[in-house]
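User: Please take a close look at one part of this model, the covalent cross-link, and set it in the context of the whole chain. I would like the reasoning spelled out with care.

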Amino acid sequence: APTENPEIHFMPPLEFFKKSPGILGENMTLDCLFFTHHQVQRITWSRKNVPLANDTTGRVVVTGDGRQLHIFNLTRTDRGTYRCIVSVRRSRPLTYKVKLSVQERPILLVRPVAVKTL
């Protein structure tokens with residue numbers, strides 16, 4: 001019988017998950033946090049199964065050999081789950097998920113102070 005490598009046969013990727021809140025209109029950096037003893041071949045980001053890379057508007061920028069995804073001027077449509085997929089030699093891909101929520105900027109309400117007249 002042939003020898004089989006159990007790391008290669010149809011196993012689900014190793015997945016890690018983090019929640020990250022952002023503020024509407026501000027900038028956000030998502031970090032791909034992983035640890036492996038194997039050589040990293042490639043790091044890619046995706047959202048809704050669509051690969052992300054530097055876009056033409058400069059609003060989404062990937063830096064640090066793929067380890068960071070910067071989103072500038074957050075909008076409500078930026079909400080969702082982002083995946084960082086780390087392809088490594090001799091191992092299954094590592095998937096790091098970041099669930100980004102975009103919240104409204106806090107508003108401070110100040111109660112008017114009564115002015116005394118003399």
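Analyst: Of the 118 residues of the protein, 25% count as buried, and this should be read with the caution that the model is predicted. The protein has eight strands and zero helices, so that the order of elements along the sequence reads β-β-β-β-β-β-β-β. Among contacts between residues at least 6 apart in sequence, 66% join residues at least 24 apart.

The cross-link itself is a disulfide, and the structure holds one of them. It joins Cys32 to Cys84, with a distance from S to S of 1.8 Å. Cys32 lies in the loop between strand 2 (28-31) and strand 3 (40-47), whereas Cys84 belongs to strand 7 (residues 80-88), and the pair therefore ties together parts that are 52 residues apart in sequence. The torsion about the S-S bond of Cys32 and Cys84 is about -80°, and because of this the disulfide is left-handed.

Both ends can be checked for exposure, for which the cut-off is a relative accessible area under 20%. Cys32, with a value of 4%, is buried, and Cys84, with a relative accessibility of 0%, counts as buried too.

Another residue to consider is Asp78, which is found in the loop between strand 6 and strand 7. Its relative accessible area of 5% means that Asp78 is buried as well. The side chain of Asp78 reaches the backbone nitrogen of Thr75 at 2.8 Å, and, when residues up to four places away in sequence are left out, Asp78 touches Arg47, Arg59, Ile71, Asn73, Leu100 and Val102.

As for how far the model can be trusted, the mean pLDDT of the protein is 79, and 86% of its residues reach 70 or more. Confidence is highest in strand 6 (residues 68-71), at a mean of 93, and lowest in strand 1 (residues 14-23), at 73. Over residues 1-13 the pLDDT stays under 50, and for this stretch the model has nine contacts beyond four places in sequence. The accessible surface of the protein, which is a total for the chain, comes to about 9,000 Å², and 57% of it belongs to carbon and sulfur atoms.

How values were computed
Residues are numbered from 1 along each chain as its sequence is written. This is a predicted model: local features need pLDDT of at least 70, side-chain atom pairs count only at pLDDT 80 or more; totals for chains, interfaces and linings use all residues. Side-chain values use heavy atoms; hydrogens and water are left out. A disulfide is a pair of cysteine sulfur atoms within 2.5 Å. Helices (H or I, at least four residues) and strands (E, at least two) are DSSP runs, numbered from the N terminus. Buried means under 20% relative accessible area, exposed over 50%, partly exposed in between (1.4 Å probe, protein chains only). Contact means heavy atoms within 4.5 Å. Accessible areas come from the Shrake-Rupley method with a 1.4 Å probe; for residues, only the protein chains shown count as cover. pLDDT is the predictor's confidence in each residue, from 0 to 100. A polar contact is a pair of N or O atoms within 3.5 Å; within protein, one must be able to donate a hydrogen and the other to accept it, and residues adjacent in sequence count only if both atoms are side-chain atoms.
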